[in-house]
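Reader: I'd like to talk through this model with someone who can justify the labels. Could you take my questions one by one?

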Amino acid sequence: MIKNKKADKIISVYWFAILFIVAAAIVYMVISFYGEPYDIREAEAYALTNKVAGCLSEAGYLNETVLSEDFRENFMEKCKLNFEVEDVYGWREWGQYYVEINFYDFSTNQSISSIKKGNEALKIDCDKEGKTFPVCLERSFYTLDKEKNQYQINVLSIVRKTDKNVQ
Amino acid sequence: MFYPLLEKQTKMFNKKIGVFMKDKRSQIGETMTWVVATVIIIMILLISILVAASYLGKHKGVDFLAKRSDLLASESFFAYLLTEDTGGQTVYEQLRNQENLNDFNGNLAIKIFDELYGGEYPEVWIGIATNIAVSPSIKNQYFGSKPVLTGGDPKYPFAESIKKPDKPYVSQRITLDESKSIELVLTH
Amino acid sequence: MRRMINKKGNILTQNIIFIILNLIFLSILVVFLFSKMGSAAVLEEKYAKQIALILDSAEPGMIINLNMEDAIKIANKENRALNNIISIQSNVVKVQLREKGDYSYSFFNDIVIDIDFSIYPDTSSIPVKEYVIFIEGDN
């Protein structure tokens with residue numbers, strides 16, 4: 001009888017130990033889920049691509065000044081883009097966005113012009129996979145100018161901002 | 001007189017020994033149960049932690065499969081319809097006057113939509129859509145038949161009982177005349 | 001007989017204490033879970049990023065209604081004025097639901113937003129559930 005009581009006590013302690021382990025695991029899972037930030041970089045890259053495309057072309061026609069030097073130099077103002085970011089994690093010294101636009105003759109695939117803005121160094125990591133690398137999005141569209149010349153325009157949009165989107 | 005007493009005591013002693021041994025066996029049995037239970041509990045916890053840490057957290061993003069429009073594809077579609085052949089007739093005018101895609105606009109559509117969006121979307125289709133309920137789209141030799149977008153068995157398109165959720169897709173439609181339209185469909 | 005009576009009393013008390021301790025333990029766990037789910041920090045991040053994405057795609061003249069009922073409840077509990085929850089400095093959105101702590105996120109769309117008039121709580125419904133984002137015009 002005395003031995004039964006000891007066994008019961010040991011089992012009670014053991015039961016609470018198991019309960020504590022289960023609770024610790026649940027707490028860890030909750031913290032790892034709710035501690036993980038929302039990753040919206042892909043959505044940002046899509047929005048950036050759409051904004052650039054909307055600036056270059058409208059209703060199937062390329063905007064007239066797009067291939068001019070003036071447009072290339074003042075691209076950010078012309079397309080209402082601002083790549084300034086919060087002054088955190090050294091983001092201001094190391095740009096968080098990059099956009100590259102390449103214009104091709106649709107029939108011959110010959111390159112006509114290109115526009116590059118932002119931190120070009122982000123392009124190096126585009127072929128690497130993993131959440132800690134910047135998100136790269138390359139999309140294309142077909143358009144005409146008023147003289148009915150055919151163009152293919154490739155837009156590469158890169159968003160870094162890993163510190164606020166990845167744990 | 002002595003022997004029945006001794007026998008009685010022996011029986012009582014045996015009974016006690018029996019109980020004692022039973023207790024011992026049940027304690028060992030209970031311990032083994034707890035060992036197995038501990039192993040199972042720890043395995044389940046490890047699996048849950050792995051799932052929570054690696055899978056659930058990853059999916060805290062924006063769901064793109066739900067998007068129903070594609071600005072770049074729309075721009076390409078408008079430009080496609082405005083493209084002129086060597087005779088100066090636009091693709092839009094050709095499709096208004098003809099029953100289906102021809103060599104010029106069919107191959108142009110493949111060059112634009114298959115090549116630019118075929119890698120992103122599993123199914124790309126361009127063709128003539130009609131207002132006729134029985135045959136709402138016309139098959140063409142460049143893109144085949146229009147993909148089934150609503151749920152259910154294509155053999156029984158009106159059977160409510162076998163409805164499934166719609167496939168997510170992007171669609172752009174331009175009216176050609178009262179009876180037909182040109183439609184671009186990109187399914188996810 | 002006496003031994004048997006004592007045994008019964010011990011078993012009942014032990015079990016009751018055992019159950020009560022288990023319940024206390026589980027209650028603490030549940031309270032922790034719910035506090036994490038509805039926490040101000042998570043909502044600040046969620047709405048800062050959501051508003052930044054909306055502004056990224058916004059065009060001049062747009063009026064956007066954003067349901068922020070859960071955030072408004074927390075702000076009311078923390079005694080934060082509804083006009084001070086969302087602020088925009090240059091192209092950075094900041095959401096602050098508590099006295100100490102906030103979350104900011106930048107957007108790339110260079111549109112002009114007048115801080116006083118373009119993001120405000122929609123007081124047409126009481127209690128307030130939505131914020132209105134009004135995009136005025138080009139820079």
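What follows is a conversation about how the labels are earned.

Author: Happy to, and keep in mind throughout that this is a predicted model.

Reader: Let's begin with the helices of chain B. What makes α2(B) and α4(B) roughly antiparallel?

Author: The crossing angle does. The axes of α2 (residues 71-82) and α4 (residues 103-117) of chain B come within 11 Å and cross at roughly 170°. Anything over 145 degrees counts as roughly antiparallel, so α2(B) earns that label relative to α4(B).

Reader: Which residues make that contact?

Author: From α2(B) there are B:A73, B:S76 and B:Y80, and from α4(B) there are B:L108, B:A109, B:I112, B:L116 and B:Y117. Sorted by class, that gives seven nonpolar residues, one polar and no charged ones.

Reader: And what does the rest of chain B look like, in what order do its elements come?

Author: Chain B has four helices and three strands, and along the sequence they read α-α-α-α-β-β-β. Of its 188 residues, 16% are buried. Taking contacts in chain B between residues at least 6 apart in sequence, 45% join residues at least 24 apart.

Reader: Now chain C. Why is C:E99 called exposed?

Author: Count the neighbours: C:E99 has 9 C-beta neighbours inside 10 Å. The cut-off for exposed is 12 or fewer, so C:E99 qualifies. C:E99 sits in the loop between β3 (92-95) and β4 of chain C.

Reader: How far is C:E99 from C:I28, in sequence and in space?

Author: The two are 71 residues apart in sequence, and their C-alpha atoms are 26 Å apart in space.

Reader: Back to the strand after that loop. How do you know which faces of β4(C) are covered?

Author: You look at the residues on each side. C:Y103 and C:Y105 on one side are buried, and C:S104 and C:S106 on the other are buried too, which leaves both faces of β4(C) covered. For the burial call, the bar is 20 or more other C-beta atoms within 10 Å.

Reader: What makes β3(C) and β4(C) a pair?

Author: Four bridges join them, and the two strands run antiparallel. Pairing takes at least two bridges, so four bridges are enough for β3(C) and β4(C). For a concrete position, C:K94 stands opposite C:S104 in β4(C).

Reader: How many bridges link β2(C) with β3(C)?

Author: Four bridges, again in the antiparallel sense. In β3(C), C:V95 is the bridge partner of C:I86.

Reader: Why do β2 and β4 of chain C count as edge strands?

Author: They belong to an open sheet of three strands in the order β2-β3-β4 (chain C), paired antiparallel. β2 (86-89) and β4 each have a single partner strand, so one side of each is left without a neighbour in that sheet. From one strand to the next, the twist averages 20°.

Reader: What is the strand order in the sheet that holds β1, β6 and β7 of chain C?

Author: That open sheet of three strands runs β1-β7-β6, with antiparallel pairing. Here β1 (63-67) and β6 (119-121) of chain C stand at the edges with a single partner strand each, so each has one side lacking a neighbour in the sheet. The twist averages 25° from one strand to the next.

Reader: How do you know that β1(C) pairs with β7(C)?

Author: β1(C) and β7 (residues 130-134) share five bridges in the antiparallel sense. Since pairing needs at least two, β1(C) and β7(C) pass. C:I63, for one, stands opposite C:F134 in β7(C).

Reader: On to chain contacts. Which element gives the most to the side of chain C that touches chain A?

Author: That is α2(C), with seven residues. The contact takes 25 residues from chain C and 25 from chain A. The chain C side divides into 11 nonpolar, seven polar and seven charged residues.

Reader: And where does the largest share of the side of chain B that touches chain A come from?

Author: From α1(B), with 11 residues. That contact takes 27 residues from chain B and 32 from chain A. On the chain B side there are 16 nonpolar, seven polar and four charged residues.

Key: Residues are numbered from 1 along each chain as its sequence is written. Chains are lettered from A and ligands numbered from 1 in the order in which they are written. This is a predicted model: local features need pLDDT of at least 70, side-chain atom pairs count only at pLDDT 80 or more; totals for chains, interfaces and linings use all residues. Two residues are in contact if their C-beta atoms, placed from the backbone, lie within 7 Å. Ala, Val, Leu, Ile, Met, Phe, Trp, Tyr, Cys and Pro count as nonpolar, Asp, Glu, Lys and Arg as charged, and the others, Gly among them, as polar. Axes are lines fitted to C-alpha atoms, for helices over the stretch in contact, and angles run from 0 to 180 degrees between N-to-C directions. Angles under 35 degrees count as roughly parallel, over 145 as roughly antiparallel, 65 to 115 as roughly perpendicular and the rest as oblique.
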